[in-house]
Amino acid sequence: MIINQRKLALKQENASSFEDLLSQLLLSSDENGRFLSELEIANNILLLLFAGHDTSAASITLLMKCLGEHPEVYKNVLKEQLGILEGKASGEVLNWDDIQKMRYSWNQLNPPVIGSFREALVDFEYAGYTIPKGWKIIWSAVMTHKDEDKFPCVTNTTL
Ligand code: HEM
């Protein structure tokens, strides 16, 4: 219903092509002039709702939990953020580039996505095991995050 309403609005020029993702998906075609079907558009939007909303909400919730349960971590995170701000002109705020500098804060994030799937394209060796071509593999962000060599973090032991 929403897709049809938007199609009509675009036709009657009551909606802009830059309105949002739905307009973009309705108006973009591939190199052969093929447009997406309504099902493909609905699937793309549902994917983005899940990929963008649930991941962000889970990351923020886990971060709040970590900071709430560990006042000493909160203090260090705050110190790091204020330290980055110190180098800026007054009134300036933290930006995307600053995220790279937040090495301590980064360690306090817990991956909301457990991992994902891959397929081995060739035979390969890993940690003494042979993984044959064609095998399905799960990579796990959560397990890597629990490796204290890579993410030295007090909260790792409690989650
Ligand atoms: C904390 C927030 C987020 C986390 C932890 C996260 C996590 C991930 C991960 C792990 C993948 C790779 C999956 C794989 O290769 O198997 C992925 C891919 C993707 N994410 Fe996110 N994501 C986040 C935010 C977002 C947001 C805000 C959007 C869009 C609004 C988004 C859209 C996508 C899309 C479209 C892909 C597929 C990319 C591709 O391979 O074509 N994600 N995300």
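Here a student and an author talk through a ligand site and a pocket.

Reader: What kind of model is this?

Author: This is a predicted model, in which local features need pLDDT of at least 70, side-chain atom pairs count only at pLDDT 80 or more, and totals for chains, interfaces and linings use all residues. Residues are numbered from 1 along each chain as its sequence is written, and side-chain values use heavy atoms, with hydrogens and water left out.

Reader: What makes S116 and the ligand a polar contact?

Author: A polar contact is a pair of N or O atoms within 3.5 Å. An N or O atom in the side chain of S116 is 2.5 Å from an oxygen atom of the ligand, so the pair meets that definition. A polar side-chain atom of R118 lies 2.7 Å from a ligand oxygen, and a polar backbone atom of A51 is 3.5 Å from a ligand nitrogen.

Reader: Which element gives the most to the shell around the ligand?

Author: That is α3, with 6 residues; α3 (38-69) and β1 (115-119) each supply at least two, where helices (H or I, at least four residues) and strands (E, at least two) are DSSP runs, numbered from the N terminus.

Reader: Why is R118 counted as charged in a shell that has 1 charged residue?

Author: Asp, Glu, Lys and Arg count as charged, and R118 is among the residues around the ligand, so R118 belongs to that class by definition. The shell also has 5 nonpolar and 5 polar residues.

Reader: Which element supplies the largest share of the lining of the largest pocket?

Author: The largest share, 3 residues, comes from α6, and the lining divides into 8 nonpolar, 3 polar and 1 charged residues.

Conventions:
Near = heavy atom within 4 Å. Polar contact = N/O pair within 3.5 Å; in protein donor to acceptor, adjacent residues only side chain to side chain.
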